[in-house]
Amino acid sequence: MKKILFALSLLALISTTSCGTKKKIAELEKQNKDCQDLLNSTTVKLNLCLTEKAAMSSQVDFLKKNNSDLINNMGNMTTLTTQGATNIEKALETIKEKDLKITRMQDALTKKDSVTLALVTSLKSSVGISDPDIEVNVEKGVVFISIADKLLFKSGSYMVSDRAKEVLAKVAKVINDKPTFECMVEGHTDNVPFTGNAILIDNWDLSVKRSTAIVRVLTKELKVNPAQLIAAGRGEFIPLVENNSADNRSKNRRTRVVILPKIDEFYDMIEKEMKKPTK
């Protein structure tokens, strides 16, 4: 009987111990699962943090480089700003110099205009003939004495008349009083074709012969320096008016004495003004 009771007690003890072990194992399995889930979650977070760290490191490197570039650019901008200020200052100086030169040129031109005006007044006074067939005027800064051919020549002729010599004597006086001047004697005709002869072929020939005839009178009879004179024939090609009437053709038949006052001196004056140092 004692043996039976001992066996039953032992069986009960084993049963009780077995149930406690299973419960303990279940708890441990649950704790293990919770730890595994926590590990997995932590691993995911760790990988995300590593990715973000790499991105942040790349951004930090970019910002460092950008900062370095900005510092360099600031240095370059400082240099450029200094250079720009220097260039602007030089440009302003250049503009100032050009303005001064322009002012000097305008002053020289004003002086030339004054000389031209004085010359016209002197010529009109010296010629002293109130005749519509003699004109003294200025065109483009050049002084002209225009003499109608009816005062100088007969129709179709290049022989200078006695009355013409009286007029030319006054022109010669003006030229002789201004030894630095040059004078160009221009012959002009109308558009009526010249029939020609043994000496003259056309209006070109006639205009040139009239010009050289006047030059000969000025030099040989009136003692004008030949070096001051230029003989030129313009033919019919620079008319004053249309050759559509006898009166108009008469106006176009003329001789012009072109006065060139001190042109070289004028250009020398301009050049000297341009070479003056700026203050």
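The following questions and answers concern two residues and a pair of helices in a predicted model. Local features need pLDDT of at least 70, side-chain atom pairs count only at pLDDT 80 or more, and totals for chains, interfaces and linings use all residues. Residues are numbered from 1 along each chain as its sequence is written, and side-chain values use heavy atoms, with hydrogens and water left out.

Reader: Is Ser-146 buried or exposed?
Author: Ser-146 lies in strand E2 (residues 142-148); strands are DSSP runs of E with at least two residues, and helices are runs of H or I with at least four, numbered from the N terminus. Buried means under 20% relative accessible area, exposed over 50%, and partly exposed in between, with a 1.4 Å probe and protein chains only. Because its relative accessibility is 14%, Ser-146 counts as buried.

Reader: Which residues does Lys-223 contact, leaving aside neighbours within four places in sequence?
Author: Lys-223 is found in the loop between helix H3 (203-221) and strand E4 (229-235). With a relative accessible area of 63%, Lys-223 is exposed. Contact means heavy atoms within 4.5 Å, and the residues in contact with Lys-223 are Asn-176 and Leu-218.

Reader: How do the residues of the contact of H2 with H3 divide into nonpolar, polar and charged?
Author: Lys-165, Leu-168 and Ala-172 in H2 meet Ile-214, Val-217, Leu-218 and Glu-221 in H3. Ala, Val, Leu, Ile, Met, Phe, Trp, Tyr, Cys and Pro count as nonpolar, Asp, Glu, Lys and Arg as charged, and the others, Gly among them, as polar. The division is therefore five nonpolar, no polar and two charged.
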